[in-house]
Amino acid sequence: MGEVDEAFIQALKHRPKLSVTEAEGIPLIDLSALSATSTNIKNPDSTISDLVQEIGNACKNWGFFQVINHGVPFDKRWSIENAARKFFEQPLEEKRKVRKDENKLVGYYDTEHTKNVRDWKEVFDFLVESPCLMPASPEPEDKEIAETYSQWPDYPPELREAFEEYAKEVEKLAYKLIELIALSLGLPANRFNGFFKDQTTFARLNHYPPCPAPHLTLGVGRHKDSGALTILAQDDVGGLEVKKKSDGEWARVKPIPNSYIINIGDCIQVWSNDAYETVEHRVVVNSEKERLSIPILFNPSHYTMMKPLDELINEQNPAKYRAYNWGKYFTSRLNSNLKKLDVENLQIYHFKVQESANKLDGLLSINK
Ligand SMILES: O=C(O)CCC(=O)C(=O)O
Ligand SMILES: [Fe+2]
């Protein structure tokens, strides 16, 4: 100990095993059927039906999968990765010129806390649509909606264009996936699309420097993604671990060149009324190599009221969540990650119908 600041040190039970073997991996799904001219998501034929089933199984059993032949041109990915590396190589004072703070919701920062332990990483966030409309504060009484802008650094000058071109391509992939997921739930392909008009989607450049104490720290502590869908590009270093639904053990996701890692977020869990569940993941760092990853987190519009879809609930399977406003939820999560707090940040289980009934039972029994 003593090699890293204690703010980074994980509790004993959350420290990583550094000797993990990349045993059974998350499902690998080939999307080439989508680019075949004869197939079309809106007009499913049998090739698409197989794909829909594969996606449905992956969502149900893993919450995570990797895709290849996804249609995102490699040169666009290469350009944003290259620009990201140049940005992070700069001295801290340069990067801090575009820092995120209480007034600027997106930008550079190196003080992210997950579950109130500091992450061993630095990040730079951008909005995919800028300006993006979001509540001015998480306070329920504050009705003000503010325009939020991405901040762009002077260096490297190509970063903005590289990002905008890359995001456009990844967005096309996101719509294909969201449509396949809708079909896999027995819904029309475009059932979710309307939620993404005026989306609050953002992208994150994650840089994990080498760490002198990788056995004590995490690049990102265990967490679930709060949005609808995450599309992640990781480099060849590796370190992402997913908590397997089958046995609760951590599985390392093996890097596959030019693939994307997809995970469903809390919005899909709520819309599907728990048919699909968000899965916990974390990032292990290492003492020798730096690592770069670029997730794009697809989020609905700020005015979306999150709740289970009417088509997926009935008397036998009633809604498991009370409705909540996405914008307020999201701004609360964005603010809470900036510093160490004494309490847990907002999570979907706070809106669980069963949860509040249980809490009430608990209170009644205390009063007995
Ligand atoms: O770097 C990674 O592989 C994952 C990062 C992540 O989980 C996140 O940014 O939400
Ligand atoms: Fe994540």
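A polar contact is a pair of N or O atoms within 3.5 Å; within protein, one atom must be able to donate a hydrogen and the other to accept it, and residues adjacent in sequence count only if both atoms are side-chain atoms.

## Basis of the report

This is a predicted model, in which local features need pLDDT of at least 70 and side-chain atom pairs count only at pLDDT 80 or more, while totals for chains, interfaces and linings use all residues. Residues are numbered from 1 along each chain as its sequence is written, chains are lettered from A and ligands numbered from 1 in the order in which they are written, and side-chain values use heavy atoms, with hydrogens and water left out.

## Overall make-up

The protein has 8 helices and 18 strands. Helices (H or I, at least four residues) and strands (E, at least two) are DSSP runs, numbered from the N terminus. Of the 368 residues, 52% are buried. Buried means under 20% relative accessible area, exposed means over 50%, and partly exposed lies in between (1.4 Å probe, protein chains only).

About 17200 Å² of the protein is exposed, and carbon and sulfur atoms supply 50% of that area. Accessible areas come from the Shrake-Rupley method with a 1.4 Å probe; for residues, only the protein chains shown count as cover. Among contacts (heavy atoms within 4.5 Å) with a separation of 6 or more, 78% are between residues 24 or more positions apart.

## Surroundings of ligand 1

Ligand 1 is surrounded by Asn 206, Tyr 208, His 223, Asp 225, Leu 232, Leu 240, His 281, Val 283, Arg 291, Ser 293 and Pro 295. A residue belongs to these surroundings if one of its heavy atoms lies within 4 Å of the ligand. The shell divides into 5 nonpolar, 4 polar and 2 charged residues. Here Ala, Val, Leu, Ile, Met, Phe, Trp, Tyr, Cys and Pro count as nonpolar, Asp, Glu, Lys and Arg as charged, and the others, Gly among them, as polar.

Oxygen atoms of ligand 1 come within polar-contact range of three kinds of side chain: an N or O atom of Tyr 208 is at 2.6 Å, one of Ser 293 at 2.7 Å and one of Asp 225 at 3.3 Å. On its own, ligand 1 has 300 Å² of accessible area, and the protein covers 95% of it. Strand E9 (202-208), strand E15 (281-283) and strand E16 (291-298) each give two or more residues to the shell. The largest share, 3 residues, comes from E16.

## His 281 and Glu 280

His 281, one of the residues around ligand 1, is in strand E15. His 281 counts as buried because its relative accessibility is 6%. Its side chain makes a polar contact of 3.2 Å with the side chain of Asp 225, and also reaches the backbone oxygen of Val 279 at 3.2 Å. Leaving out residues up to four places away in sequence, His 281 touches eleven residues' worth of surroundings that include Phe 64, His 223, Leu 240, Trp 250 and Asn 263.

Glu 280 lies in the loop between helix H6 (266-271) and E15. With a relative accessible area of 17%, Glu 280 is buried. Beyond residues up to four places away in sequence, the residues that Glu 280 touches include Arg 222, Lys 224, Glu 241 and Trp 250.

## Nonpolar cores

A nonpolar core is a set of buried Ala, Val, Leu, Ile, Met, Phe, Trp, Tyr and Cys residues joined through side-chain atoms within 4.5 Å. The largest has 76 residues, of which Leu 177, Ile 181, Phe 192, Leu 229, Ile 231 and Trp 271 touch the most other members. Helix H5 (residues 159-184) gives the largest share of this core, 13 residues. A second, separate core of 20 residues includes Phe 64, Cys 211, Ala 213 and Leu 240.

Leaving aside neighbours within four places in sequence, Ile 231 is in contact with residues including Val 170, Leu 177, Tyr 260, Ile 294 and Phe 298.

## Backbone features in loops

Two cis peptide bonds can be noted. One joins Ser 130 and Pro 131, with omega about 5 degrees, and Pro 131 is in the loop between strand E6 (122-127) and strand E7 (132-135). Another joins Tyr 155 and Pro 156, with omega about -5 degrees.

Lys 115, although not a glycine, has a positive phi of about 50 degrees; at 34% relative accessibility Lys 115 is partly exposed.
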